[in-house]
Amino acid sequence: MIYTVNLLWDSEASVWVATSDDIRGLVLESSSLDVLIGRVRMAAPEVLKLNNQPLEHAKIAFLTGRVVA
């Protein structure tokens, strides 16, 4: 199963924000994209487990963009 995580740059707040329609409840932020990706990799399995979502053979696909105000 592939889970998509959106990584958006919020220029107003000067942070990267990670959200996912596939991983319910996943919302993280960081001023560093590398740190944010690491946090997502650590948190995603736990959030999937809490949501009783399939974890076996799970892969994460990252999409980047920016918040347009």
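Good morning. I begin with S30, which is buried, with a relative accessible area of 11%. The model I am presenting is a predicted one. S30 belongs to strand β3, which covers residues 27–30. Leaving aside residues up to four places away in sequence, S30 touches V15, W16, V35, L36 and R39. Its side chain also makes a polar contact: the side chain of S30 reaches the backbone nitrogen of S32 at 3.2 Å. S32, in turn, caps the N-terminal end of α1, with a side-chain oxygen 3.4 Å from the backbone nitrogen of D34.

That brings me to the helix itself. α1 runs over residues 33–50. It has 18 residues and spans 25 Å between its first and last C-alpha atoms, close to the 26 Å expected at 1.5 Å a residue. There is nevertheless a kink of about 35° at A43, shortly before the proline P45. The buried residues I would point out in α1 are L36, I37, V40, A44, V47 and L48. As general background, an α-helix has 3.6 residues a turn, so residues three or four places apart point the same way. Just after α1, N52 takes a positive phi of about 55°.

Next, the core. Which residues have the most contacts inside the largest nonpolar core? They are V5, L7, A18, I23, L26, L36 and V40, within a core of 14 residues. Two or more residues are given to this core by each of β1 (2–10), β2 (15–19) and α1. The largest share, 6 residues, comes from α1. V40 is a good place to look in detail: beyond residues up to four places away in sequence, V40 touches V5, A18, L26, L28, P45, I60 and F62.

Let me turn to the strands. β1 and β2 run antiparallel and are joined by 5 bridges. Within that pairing, W9 has W16 in β2 as its bridge partner. On to the next pairing: β2 and β3 are also antiparallel, with 4 bridges between them. Here V17 stands opposite E29 in β3. W16, the bridge partner of W9, is also among the residues that S30 touches. In a regular strand the side chains alternate between the two faces of the sheet.

I close with the loops and their backbone angles. Most residues other than glycine have a negative phi, and most peptide bonds are trans. Against that background, two loop residues deserve mention. S14 sits in the loop between β1 and β2, a hairpin with 4 residues between the strands. Its phi is near 55°, a positive value in a residue other than glycine. Is S14 buried or exposed? S14 is partly exposed, because its relative accessible area is 40%, which lies between the limits of 20% and 50%.

The second residue is H57, in the loop between α1 and β4, the strand at 59–66. The phi of H57 is near 60°, again positive in a residue other than glycine. H57 counts as exposed, because its relative accessibility is 62% and the cut-off for exposed is over 50%. S30, where I started, falls on the buried side, because its 11% is under the 20% limit.

Note on methods:
Residues numbered from 1 in each chain as written. Predicted model: local features only at pLDDT ≥ 70, side-chain atom pairs only at ≥ 80, totals over all residues. Heavy atoms only, no water. Core = buried A, V, L, I, M, F, W, Y, C linked by side-chain atoms within 4.5 Å. Buried < 20%, exposed > 50% of the residue type's maximum accessible area, 1.4 Å probe, protein only. Contact = heavy atoms within 4.5 Å. Pairing = 2+ DSSP bridges. Expected span 1.5 Å × (residues − 1). Bend = angle between axes of the 7 residues up to and from the residue. Polar contact = N/O pair within 3.5 Å; in protein donor to acceptor, adjacent residues only side chain to side chain.
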